[in-house]
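Here is a quick write-up on a protein chain with a ligand. Have a look at the model, then read on.

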Amino acid sequence: MSMSNRYYTVSWDQLHRDSKALAWRLNDRGPWRGIVAITRGGLIPAAIVARELEARLIETVSVVTYNEEERGLPQVVKPPAAAGDGEGWLLVDDLVDTGTTAKVVRALLPKAHFATVYAKPKGRPLVDTFITEVSQDTWILFPWDTEAQFIAPIARSAAAR
Ligand SMILES: O=P(O)(O)OC[C@H]1O[C@H](OP(=O)(O)OP(=O)(O)O)[C@H](O)[C@@H]1O
Ligand SMILES: O=c1[nH]c(=O)c2nc[nH]c2[nH]1
Ligand SMILES: [Mg+2]
């Protein structure tokens, strides 16, 4: 996991709204044969988009990347067997960051339409449709990776300084 200068915190409510906004855009470009979710991050946006577009055929593709380790090469641990070359299929992920995952999946499904909820500048050229862009040095915090916790009152933390 790369370190970032700031966080962009996404609540369940915001993720639902942003995924629905994505569905509105994608509805105009259909009909779609089905949806390929890029696991695991793409699963929940894909479910929300599938509900809105009344898509019932859902395939998955799983790519494991080891950016920070020596072996370095992305591994396709589950190919999207049902989706052919991707023609007529919608490919959904939560975000593009460096574009490493996107490059691998686009090579497997060259004709698919690639949609993400969030995009960072490096990955943005690889995406056909997205909703919100954040800067490259921002880490997006998804609701499934976070939980609410107690934070000290301002007066108490200021007094400790
Ligand atoms: O553009 P990139 O630099 O490739 O980064 C984007 C990918 O990274 C995250 O997935 P991750 O590989 O962490 O796995 P996960 O979806 O199972 O959490 C995210 O869900 C994207 O798929
Ligand atoms: O939760 C996440 N937030 C991000 O910004 C990110 N970039 C790659 N992978 C990521 N996972
Ligand atoms: Mg992912």
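What follows covers the two annotated positions, the ligand shell and one strand residue.

This is a predicted model, in which local features need pLDDT of at least 70, side-chain atom pairs count only at pLDDT 80 or more, and totals for chains, interfaces and linings use all residues. Residues are numbered from 1 along each chain as its sequence is written, while chains are lettered from A and ligands numbered from 1 in the order in which they are written.

Let's start with the record. UniProt's unreviewed entry lists Asp97 and Ile140 under "binding site"; its positions are given in the numbering used here, feature names are shortened, and annotations may be inferred rather than shown by experiment. The two are spread over 44 residues of sequence yet cluster in space, with a largest C-alpha distance of 9.7 Å.

Where do they sit? Asp97 is in the loop between strand S5 (89–96) and helix H3 (100–108), and Ile140 belongs to strand S8 (residues 138–141). Helices (H or I, at least four residues) and strands (E, at least two) are DSSP runs, numbered from the N terminus.

The table gives burial, counted from C-beta atoms placed from the backbone: 20 or more others within 10 Å means buried, 12 or fewer exposed, and in between partly exposed.

| Residue | C-beta neighbours within 10 Å | Class |
|---|---|---|
| Val63 | 20 C-beta atoms | buried |
| Asp97 | 23 C-beta atoms | buried |
| Ile140 | 19 C-beta atoms | partly exposed |

Now the contacts (C-beta atoms, placed from the backbone, within 7 Å). Setting aside neighbours within four places in sequence, Asp97 contacts Lys120, Lys122 and Gly123. On the same basis, Ile140 touches Tyr8, Val10, Leu95, Tyr118 and Val134.

Asp97 turns up again at ligand 1: of the 16 residues around the ligand, Arg40, Gly41, Asp97, Thr98 and Thr101 come nearest. A residue counts as near if its C-beta atom, placed from the backbone, lies within 6 Å. Strand S2 (34–39), S5 and H3 each give two or more residues to this shell, and S5 gives the most, with four. By class, the shell has four nonpolar, eight polar and four charged residues. Here Ala, Val, Leu, Ile, Met, Phe, Trp, Tyr, Cys and Pro count as nonpolar, Asp, Glu, Lys and Arg as charged, and the others, Gly among them, as polar.

Finally, Val63 is part of strand S3 (residues 58–64). Beyond four places in sequence, Val63's contacts include Ile38, Gln75 and Thr101. Val63 and Gln75 are 12 residues apart along the chain, with their C-alpha atoms separated by 5.5 Å.

Methods: Contact = placed C-beta atoms within 7 Å.
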